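Reader: Could you walk me through one part of this structure up close, and then show me how it connects to what lies around it? I'm still new to this, so please keep it friendly.

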Amino acid sequence: MHPISFISDFGLDDEFVGVVHGVVARIEPQVRVIDVTHGIARGNVRAGALSLLRAIQYLPEGVALAVVDPGVGTARRPIAAETPWGFFVGPDNGLLAPAVAMVGGASTVVALEDERFRIPSLGGVTFDGRDVFAPAAAVLAADQAPITELGPALPNDSLTPLLLPLVEPDGDGIRGEVWWIDQFGNAQTNIAPEDLAGLGVERGGSIDVRIGASEYELEWVQAYGDVEPGEALIHIDSYGLVALAVREGSAAERLNLTEGHQVVLVRG
Amino acid sequence: MHPISFISDFGLDDEFVGVVHGVVARIEPQVRVIDVTHGIARGNVRAGALSLLRAIQYLPEGVALAVVDPGVGTARRPIAAETPWGFFVGPDNGLLAPAVAMVGGASTVVALEDERFRIPSLGGVTFDGRDVFAPAAAVLAADQAPITELGPALPNDSLTPLLLPLVEPDGDGIRGEVWWIDQFGNAQTNIAPEDLAGLGVERGGSIDVRIGASEYELEWVQAYGDVEPGEALIHIDSYGLVALAVREGSAAERLNLTEGHQVVLVRG
Amino acid sequence: MHPISFISDFGLDDEFVGVVHGVVARIEPQVRVIDVTHGIARGNVRAGALSLLRAIQYLPEGVALAVVDPGVGTARRPIAAETPWGFFVGPDNGLLAPAVAMVGGASTVVALEDERFRIPSLGGVTFDGRDVFAPAAAVLAADQAPITELGPALPNDSLTPLLLPLVEPDGDGIRGEVWWIDQFGNAQTNIAPEDLAGLGVERGGSIDVRIGASEYELEWVQAYGDVEPGEALIHIDSYGLVALAVREGSAAERLNLTEGHQVVLVRG
């Protein structure tokens, strides 16, 4: 039995998540399901893909079940992919691609079309999380069928990619983007510590941060405790990326940031 | 060991849910507990009953532990019921009746009064979820005692029913009710596709929806993708019921709907 | 295998909680993790400590993993403590001390410094929940190493205490404090039924409650059902403490209470 790690935008206010757990347990009671998070903003494929990408290295090898699916009922395919880490199950809309690439790419990809492994519709639209993805994840977790039985094979390089921006030079600085704002308002960027080094800044130095028409001079510190409560800072976060934060506060509020916002960093 | 499927209005901000899991684990560590949802609106028995009714067919046979209990401390009885699906444990206030009926009715019903299977009070009010319902669910899940030991038998048809409205003719249309608004604002009604057929409407046709003094002409479509983003629609949802939705939006907000609202549908 | 009971201020909107579950499962897939709550207000050590204190007697013996850690990156030590109940793992900032004391005190305390049982940093700050506390909890839950291998021993009485106020006389009454306001607005105080008895009040009697400049005359009742919907009341809650509540409403809103607020009770 492999564990299933389950991430979605289902929220916890309705029984959607519980029903998926139920479907898995009906197929194989011994399979364990870990809830990664169900707090992805509704339909935000990029936020789901980045959350899965951050989490994957910490999840037990097995099955990753990911459902953020604004195009349910459209042409995007429900797929399963086999990788060195294990199986990925979800919609082929860019949600899975970054994590699949990170763990080494797919050796098998199938479209989840075989009706034997789907729950019959109750007459209306399909709830793919419950009727298509959960059964596929359970079957793979329990080794009840090889992945190739779940539907027709697709090319291994056919996963829909997620377009992620690169860090680029911008005048005397670099331009990156906010990838993630967590629920506490911490803003992770796509900028690596090496990019800061390229600006000639070292930890302890100061950095001009330009966000839209605003500019802030922030210190690059090791830990929140290095600044006063309520003060903004730059640090390398626990994923090794440059992040903007406010000690005991919210960088998103203070610096007026949202996910996808561009930020330009210049030596201060 | 049977799994326990647990639904409540406890929310997740306090340790109520965790403590119930703990009580079960102290009685029998091997019992698995599936959280169906704990986001039922506080004290809303009808919403809890309908959520359990929607979920039950997808939950593994075993024990359903349901606690939405505005009358805690009043005369409603704590009960357990045996059914073809398994056991139901909760307050006898209408919460359990629809799901019990759906799985075939109760063959045994008892009042949870035997002190051997209750956690002694700490001197104040009883937290029935923790002190009465969780121990009963754990004992039944682990087959530690037959249901008849948990307390005195009640008539099998004694469960307090939940009164649910029927769809009725209304002039040249039909009148139904909103049963459920999910956290995304989708509004499920108690109207079946057959009722629409009775109006002479087919999928692809248009329907006048009257809500209070407002009237909307909506298209009956197969999937969200059949209308433009932001547009309202009628479809058959994944439970096979007529629902009002807005693609990438909230029907509850757009159409000013709440649970229990009446809707009249007329051929458009 | 001992179960881990996990409480934090991580919230559920991001993947923090899921990643901790993942880290545990990677170390030992058979260990069960019970989520006590992750809804502790961010950085509120006292609220976390009181939640753990209320819950501990209902949790299965094993490992308590508690992370509310506003001082991450400062001098407070990550610790593990062995007690008659089992192990406690978390920051030494007062979070663990009340529950450790309640279960009989620590027989061994260590600082979690041994790198063999930590996840290497990705180059930035450490996410202690993921990198330090989760591995320690998993190792202890799975008996993979004795606690003394996790780091240098500390004195058994060295846990940072949490200062909790006592109930004191105040004129012709007693002065206590609101310890906990749950998500429904019920306000638990640190006042025991014996304190009320000391005022010469019995159940059914009335009590003057003074909060700041306001004064309310409330009845001491057994159950919510003893007052009208919307009415405020005093009762002994399910933890055996004096609490202020409103039937089908919020005492916090009605009486304008927050955690830490002082209340003076006088015979009415």
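Author: Let's begin with a term: two strands count as paired when DSSP finds at least two bridges between them. Keep in mind that this is a predicted model. Our close-up is the sheet of chain B.

Take strands β3 (residues 62-67) and β5 (residues 86-91) of chain B, which are joined by four bridges. Pairing needs at least two bridges, so β3 and β5 of chain B make the cut. These two strands run parallel. For a single link to look at, find B:Gly62, whose bridge partner in β5(B) is B:Gly86. What holds such strands together? In general, strands of a sheet pair through backbone hydrogen bonds, in either a parallel or an antiparallel way.

Now zoom out a bit. The open sheet of chain B has seven strands, in the order β2-β1-β3-β5-β4-β6-β7, and its pairing is mixed. At the edges sit β2 and β7 (153-154) of chain B, each paired on one side only. There's a helix to spot here too: α1 (residues 16-27) of chain B lies across β1 (4-8), β2 and β3 of chain B, and it runs at about 155° to β1(B).

Next, follow chain B out to chain A. Their contact takes 35 residues from chain B and 30 residues from chain A. About 2600 Å² of area is buried between the two chains, and carbon and sulfur atoms give 54% of it. On the chain B side, B:Arg32, B:Tyr58 and B:Gln183 lose the most area to chain A, together 27% of what that side buries.

What about charges? One salt bridge is found across the interface of chain B and chain A. Its partners are the side chains of B:Arg54 and A:Glu15, at 2.6 Å from N to O. The cut-off for a salt bridge is 4 Å, so this pair qualifies. There are also 19 residue pairs in polar contact between chain B and chain A. On the side of chain B that touches chain A, the elements giving two or more residues are β2 (33-37), α2 (45-55), β9 (173-181) and β13 (232-236) of chain B. β2(B) gives the most, with four residues. Sorted by class, that side of chain B has 17 nonpolar, 13 polar and five charged residues.

Chain A, in turn, touches chain C, with 35 residues from chain A and 30 residues from chain C in the contact. Here A:Arg32, A:Tyr58 and A:Gln183 supply 27% of the area that chain A buries against chain C, more than any other three residues. A salt bridge links C:Glu15 with A:Arg54, where the closest N and O atoms are 2.6 Å apart.

That brings us to chain C, where seven strands also form an open sheet with mixed pairing, in the order β2-β1-β3-β5-β4-β6-β7. Which way do its neighbours β4 and β5 run? Strand β4 (residues 78-82) and strand β5 (residues 86-91) of chain C are antiparallel, with five bridges between them. One of the links is between C:Glu82 and C:Phe87, its bridge partner in β5(C). Helix α2 (residues 45-55) of chain C packs on this sheet, touching β1 (4-8), β2, β3 (62-67) and β5 of chain C, and its direction makes about 150° with that of β1(C).

Technical notes
Residues numbered from 1 in each chain as written. Chains lettered and ligands numbered in written order. Predicted model: local features only at pLDDT ≥ 70, side-chain atom pairs only at ≥ 80, totals over all residues. Heavy atoms only, no water. Contact = heavy atoms within 4.5 Å. Axes fitted to C-alpha atoms, helices over the stretch in contact; angles between N-to-C directions. Buried area = accessible area lost by both parts, 1.4 Å probe. Polar contact = N/O pair within 3.5 Å; in protein donor to acceptor, adjacent residues only side chain to side chain. Nonpolar A, V, L, I, M, F, W, Y, C, P; charged D, E, K, R; others polar.
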